[in-house]
Amino acid sequence: TASHEAMWERLGLDLEAHASLLEVLGKFYGDIYLSQQGRLRGMEYLDFVLSEIHGLRIRELDEARAQGRKVVGTFCVFVPEEIVWAADAIQVGLCAGAEAGTEAAEKILPRNTCALIKSFVGFKLARLCPFTELCDMVVGETTCDGKKKAYETFSDYAPVYVMEIPQMKRSEDRALWKAEVLRFKQAVEDLTGRSITAENLREAIGLMNRRRRVLQRLNRLRAAHPVPISGRDALLINQVSFYDDPERFTQKIHDLCDELEEKVRRGKGVADGAVRVMLSGCPMAVPNWKLPYIVESSGAVVVGEESCIGTRNTRDLVDEGGTTLEEMLDAIVDRYLKIDCACFTPNQERLEHIVDMARALDVQGVIHYGLSFCQPYAMESFKVEKALRDAGIPMLAIETDYSMEDVEQLKTRVEAFVEMI
Ligand code: BJ8
């Protein structure tokens, strides 16, 4: 609408390029999402949120900023959200899943950089992302080498703050991580001018845990036979969790889960007779729906995502037993250190989680998803395959980016895998 356009212009977007991005996105969404049969009523909310991805949510953030609240953008689930919300700031996920802007990104980054990094840098350079433009602070982190170095470049264009993430999980590493969490707390307090207290931190811990719990509930329901929701829809819910208002989102997804529960009770599902598979690996940021779409048009249905836009982000809660600020901060430090990202060494717990999850969801196979040029996940895929083989579960390793060029080729491989299992 015209009022959205005025807002986008004020935020400095390239209106023409942005309009064509939204057009492509709308078409893509129609083909992949709206074409599904027997859609859940609860997905109407997600359809609406997505149709307003750069509209109403941006307006909300814009208005919040006008009232003095700050917006903090992140690219990694390591950034402790409780700290941000406790200081009454708003956190949004910025990692991007579209190819637009790649050309611009390749002027300042090597071509052999993963698509996720190129995408967030490209979105900024091509002035396509209103979320990025609204951020008062953008938090980077020292996870993979690609991101670590890209933030140095990105800091020429945005107010970047970098957290150091340890690479091991010994007591020395925990001490480093705790120091980083405290340093971040200070930075957020400086940004917002608000102190983090036991009281506001307790509330923020509750808020984030409630959002994790509803996503856990969704994941549990996907273990049902037949599965009551498509993998695409479930992925979208996880993607939207990164930028929607957390309270509203939690309520809406509980409503959707009520509907799913009813479906499960009546033995109704999507994709009757489809082969159950799980995805594992790199995150799929919105609007990266490529692989689930390919899988779900190849006789299979995705029943789980072992990824940061999936269970890696929702599996662990922050312990709510603490009463002092110090105890709560320790609980946050411990919870985040459980994240089993492939950037850690060793990372045995990820292998265990994958096998456990594959069994709990009763999958017939796992598709390991690696973004091209992502070394940590590519390296680990061999271990994942072995762990799954030992458990009697077949795995297919896919490496790809955001382009549509290899869709047919991937489809052939996925179909062959689905037929074989
Ligand atoms: S905790 S998975 S969100 S780092 S795909 S940019 S690793 S080259 S995204 Fe991640 Fe945090 Fe880990 Fe999760 Fe690098 Fe690989 Fe690209 Fe990646």
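Here's a quick tour of the ligand shell, salt bridges, cavities and backbone oddities in this structure. Keep in mind that the model is predicted. The ligand has 16 residues around it, the salt-bridge count for the whole structure is 43, and three cavities of 30 Å³ or more turn up. Two cis peptide bonds worth a look are the ones from His-225 to Pro-226 and from Val-286 to Pro-287.

**Ligand shell**

- Of the 16 residues surrounding the ligand, the closest are a run of cysteines: Cys-114, Cys-144, Cys-308, Cys-341 and Cys-374.
- By class, the shell splits into 13 nonpolar residues, one polar and two charged.

**A buried lysine**

- Lys-185 sits in helix α10, which covers residues 171–192.
- Its relative accessibility is 14%, so Lys-185 counts as buried, the cut-off being under 20%.
- Leaving aside residues up to four places away in sequence, Lys-185 touches Ile-83, Ile-196, Leu-325 and Leu-329.

**Salt bridges**

- Among the 43 salt bridges, Arg-10 and Asp-62 pair up through their side chains at 2.8 Å, N to O. That pair links distant parts of the chain, with Arg-10 in helix α1 (residues 2–10) and Asp-62 in helix α4 (residues 56–66), 52 residues apart.
- The two ends of that bridge sit in opposite settings: Arg-10 is exposed at 55% relative accessibility, whereas Asp-62 is buried at 14%.
- Lys-178 and Asp-330 also meet in a salt bridge, at 3.1 Å from N to O. Lys-178 belongs to helix α10 and Asp-330 to helix α16 (residues 325–336), so this bridge ties together parts 152 residues apart in sequence.
- On accessibility, Lys-178 comes out buried at 15%, while Asp-330 is partly exposed at 21%.
- Glu-247 bridges to Arg-210, and their closest N and O atoms are 3.1 Å apart. With Glu-247 in helix α13 (residues 246–265) and Arg-210 in helix α11 (residues 198–221), the pair ties together parts that are 37 residues apart in sequence.
- Both partners there are partly exposed, Glu-247 at 43% relative accessibility and Arg-210 at 36%.
- Shared partners also join several salt bridges into one network, made up of Glu-306, Arg-312, Arg-315, Asp-316, Asp-340, Arg-350 and Glu-380.

**Cavities**

- The count is three cavities of 30 Å³ or more, and the largest holds about 290 Å³ of space. It is lined by 22 residues, and Ile-53, His-54, Cys-95, Val-286 and Pro-287 are the closest to its centre.
- Helix α2 (residues 15–34) gives the most to the lining of the largest cavity, namely three residues.
- That lining is made up of 19 nonpolar and three polar residues, with no charged ones.
- The second largest cavity comes in at about 50 Å³. Its lining includes Leu-235, Leu-279, Ser-280, Gly-281, Cys-282, Met-284, Ile-309 and Tyr-369.
- Glu-306 turns up in two places: it lines the second largest cavity along with Glu-305 and Ser-307, and it belongs to the salt-bridge network.
- Strands β5 (275–281) and β6 (300–306) each supply at least two residues of the second largest cavity's lining, and β5 has the largest share with three residues.
- By class, the lining of the second largest cavity has six nonpolar, three polar and two charged residues.

**Backbone oddities**

- Most residues other than glycine have a negative phi, and most peptide bonds are trans.
- The bond from His-225 to Pro-226 is cis, with omega near -10°. Pro-226 lies in the loop between α11 and α12 (231–240).
- Val-286 and Pro-287 are joined by a cis peptide bond with omega about 0°. Pro-287 is in the loop between β5 and α14 (290–296), and both Val-286 and Pro-287 are among the residues closest to the centre of the largest cavity.
- Ala-271 has a positive phi, near 50°, despite being a residue other than glycine. It is found in the loop between α13 and β5, and at 41% relative accessibility Ala-271 counts as partly exposed.
- Phe-373 also has a positive phi, near 75°, and lies in the loop between β7 (365–371) and α18 (375–390).

Note on methods:
Residues numbered from 1 in each chain as written. Predicted model: local features only at pLDDT ≥ 70, side-chain atom pairs only at ≥ 80, totals over all residues. Heavy atoms only, no water. Near = heavy atom within 4 Å. Nonpolar A, V, L, I, M, F, W, Y, C, P; charged D, E, K, R; others polar. Helix = DSSP H or I, 4+ residues; strand = E, 2+ residues; numbered from the N terminus. Buried < 20%, exposed > 50% of the residue type's maximum accessible area, 1.4 Å probe, protein only. Contact = heavy atoms within 4.5 Å. Salt bridge = Lys/Arg side-chain N within 4 Å of Asp/Glu carboxyl O. 1 Å grid on protein atoms, 1.4 Å probe; cavity = no way out; pocket = protein on both sides within 12 Å on 5 of 7 lines; lining within 4 Å. Points joined across faces, edges and corners; volume = space filled by probe spheres on them.
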